[in-house]
Amino acid sequence: MDRLRKNNNDSRIDYGVILPVFILCLIGMLSLYVALTHDTNRDTNIFRGLAMQGTWYVVGALAVVIIIHFDAKLLWRLTPFLYVIGLAVMLALLKYYDTALFASTGSKNWFKFGTLTFQPSELMKIAYILMMAMIITKHNVANKIRSLRTDILLISKMLFVTLPVLALVLAQKDFGTMLVFLAIFAGMFLMSGISWLILVPTIILAIIVGGTLIFLVTTDTGREILSHIGFKNYQFARIDSWLEPFHDPQGKSYQLARALMAIGSGGVFGTGYNVSNVYVPVRESDMIFTVIGENFGFIGGAFVILIYFILIYRMIRLCFDMNNEFYAYIASGIVMMMLFHVFENIGANIGLLPLTGIPLPFISQGGSSILGNMIGIGLILSMRYQSADKQPIRRTRSA
């Protein structure tokens, strides 16, 4: 009987999700060691950096073990409280932010506790996904027959829980995190079952807005308008660096220019592990992909992207396999969050997208990001664990 129970529990654990996460965490530790070892411009304690990263991996793994036992009913009850608490913490951050990081980055998005810093928005992403999933599920259950009126009502509900989050993120001057929340909203909006009569005009409007933003950030008149609504010089500098990475390689575009040089120097097969011929500032966080590109070349970078592809594919499969609508929307939000993180981070490192400070999931240094992503993985794993057949195990002769 014990053997049957063990086999039953094993079938409820999705190792197709766990294995890619484990590989990414291992790559993260190896890459962080290289980044810290060759960070000659700062007084870096390599052992402390690695120990802290390892500690966050352990904390994240413990969070997964705990969350995997949360069923849909418990998540449903907790969701409103998590969302409200998240908003309260984000609001408190406007006053109790880390002044040192604000001076260097211009963003009020970090708490500081002694030598530790923490970014609440990483956990707010999870609370927001849960709240959006709850709103959509409740609406769909209450409105079995869909119409334009019910779809507009659903959109208004989604905006009601989204706008306060966006307002707080904008007040913290964290443009990169705002993009993540918008990506989550877009993904869950598409999955919510809203009519194409609304989706098509919305997509066209998004394209028009995107084109307008490109016009605004690439013209003097547009930048003057953006300055009046809160855009800062460092944000324009990141855009300039993206458009012309080598226009000021010793100044504003220094980081991106060095990143492109490091990745380019790796060629196809890389320079070899722990070989760094090109210095890249703050390499251990949002520029960690440059370590992979330089040390392991195109092959190594492609391998990392493949691992992310496998992870996201497994999560998408789970999303479509769910009979529980609430679970399905949670999964779609988490998939969109991680997909955007990977797309934006790697795209920025290779010059396809502007730098926004978004970390690479499970690889970049940072406890807030690791914990938030691990909680997301815990929610994904809990879906199969809780949805698997839980019929009592009958005693058999072989048992």
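**Note on helices α9, α7, α8 and α15**

1. In this predicted model, helix α9 covers residues 196-218, and its 23 residues, taken at 1.5 Å a residue, should span 33 Å; the C-alpha atoms at its two ends are 33 Å apart, which agrees with that expectation.

2. At the N-terminal end of α9, serine 195 acts as a cap, with a side-chain oxygen placed 3.1 Å from the backbone nitrogen of leucine 197. As for burial along this helix, the buried residues of α9 are Ile198, Leu199, Leu216 and Val217.

3. Helix α7 (residues 148-171) and helix α8 (residues 175-191) have axes that come within 10 Å of each other and cross at roughly 170°. Because angles over 145 degrees count as roughly antiparallel, α7 is described as roughly antiparallel to α8.

4. The contact between these two helices involves, on the α7 side, Ile155, Met158, Leu159, Thr162, Val165, Leu166, Val169 and Leu170, which meet Thr177, Met178, Phe181, Leu182, Phe185, Met188 and Phe189 on the α8 side. Sorted by class, the contact of α7 with α8 holds 13 nonpolar and 2 polar residues, with no charged residues.

5. Serine 382 belongs to helix α15, which runs over residues 367-387. Its relative accessible area is 0%, and since buried means under 20%, serine 382 is classed as buried. Leaving aside residues up to four places away in sequence, serine 382 touches Ile67, Ile68, Phe70, Tyr327 and Ser387.

Note on methods. Residues numbered from 1 in each chain as written. Predicted model: local features only at pLDDT ≥ 70, side-chain atom pairs only at ≥ 80, totals over all residues. Heavy atoms only, no water. Helix = DSSP H or I, 4+ residues; strand = E, 2+ residues; numbered from the N terminus. Buried < 20%, exposed > 50% of the residue type's maximum accessible area, 1.4 Å probe, protein only. Contact = heavy atoms within 4.5 Å. Axes fitted to C-alpha atoms, helices over the stretch in contact; angles between N-to-C directions. Parallel < 35°, antiparallel > 145°, perpendicular 65-115°, else oblique. Nonpolar A, V, L, I, M, F, W, Y, C, P; charged D, E, K, R; others polar. Expected span 1.5 Å × (residues − 1). Polar contact = N/O pair within 3.5 Å; in protein donor to acceptor, adjacent residues only side chain to side chain.
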